[in-house]
Amino acid sequence: MIRVAVVGVNRIGAIHCRFYNNHPDTELVAVCDLLEERARQAVAAFYAKAYTDLAALLDKEEVDLICVATGGEEKGDHHFAPVMMAIDAGKDVLVEKPISNRIDEARAMVHAAREKGVRLACNLNHRFTPAAAKAKAWIGQGKLGAPLFLNMRLTIRNPADETEWFHMRALHPHSVDVMRYLFGDIRRVQSFMTKAPGRRRVVDGQRQHAV
């Protein structure tokens, strides 16, 4: 039985709580959120213990895995502190994507987990969809010929879409992960960011980004 604590129990964190609570191999032990009311709502729904301080949770609860589902700007800039705290406590960590909005923080997390000897994973679940599994099988069977490139498009409508590069940070870690899953390490990326129907944000010739 894997004993789990979830940090950040807004919409995505609540989904994690529900599945950990229902899965036969996991036990939702505790939740942690800076907003006390939100933590108490999660406790009422899932019968776990509520905390607003991760250090207190780690001191008082016996857990195997910390799931970090905090938000912040573009869904990634609140991940670093709780992830590092959990790693330092010797806990395995599953962090929501994007792992961070900063490359240096992402590398620091990976380095810390390696040094501490714990597991660190990012919740990139698109590779586990039936479509991804079928594509992987077809590639392995040679049904698609020699792979040259992958044209992949993901979009999402989110009221928190406040910057021109929101999709690149908050959504397209999934794209990169699926591309690596299907073909291995990526040699080159060409990205075109445009204004979708009904969107306010426009990416014109002066603000187009290629990675």
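Leaving aside its neighbours within four places in sequence, which residues is Leu57 in contact with? Let's start there and work outwards. Keep in mind that this is a predicted model.

So, Leu57. Skipping those sequence neighbours, the list runs Ala5, Ala30, Val31, Cys32, Tyr51 and Ile66. And Leu57 belongs to the largest nonpolar core, which has 21 residues. Along with Ile66, Val83 and Ile87, Leu57 is one of those with the most contacts inside that core.

Who else feeds into this core? Going by elements, at least two residues each come from strand 1 (2–7), strand 2 (26–32), strand 4 (65–68) and strand 5 (92–96). On the helix side, helix 3 (54–60), helix 4 (80–88) and helix 5 (103–116) each do likewise. There's also a second, separate core, with 14 residues, Val6, Phe46, Ala48 and Leu65 among them. As background, nonpolar side chains in soluble globular proteins tend to be buried together.

Okay, the overall layout. We've got 8 helices and 6 strands, and from the N terminus on the order is β-α-β-α-β-α-β-α-β-α-β-α-α-α. If you take contacts between residues at least 6 apart in sequence, 62% of them join residues at least 24 apart. Of the 211 residues, 38% are buried.

Now the outside. The accessible surface is about 13,300 Å², and carbon and sulfur atoms account for 53% of that. One spot to look at up on the screen: Ile12, Ile15 and Phe19 make a nonpolar surface patch of about 250 Å². Phe19 sits in helix 1, residues 11–22.

That's my tour, over to you.

How values were computed. Residues numbered from 1 in each chain as written. Predicted model: local features only at pLDDT ≥ 70, side-chain atom pairs only at ≥ 80, totals over all residues. Heavy atoms only, no water. Core = buried A, V, L, I, M, F, W, Y, C linked by side-chain atoms within 4.5 Å. Buried < 20%, exposed > 50% of the residue type's maximum accessible area, 1.4 Å probe, protein only. Helix = DSSP H or I, 4+ residues; strand = E, 2+ residues; numbered from the N terminus. Contact = heavy atoms within 4.5 Å. Patch = residues over 30% accessible without salt bridge, like charges linked within 9 Å, V, L, I, M, F, W, Y side chains within 5 Å. Areas by Shrake-Rupley, 256 points an atom, 1.4 Å probe, with all protein chains shown as cover. Salt bridge = Lys/Arg side-chain N within 4 Å of Asp/Glu carboxyl O.
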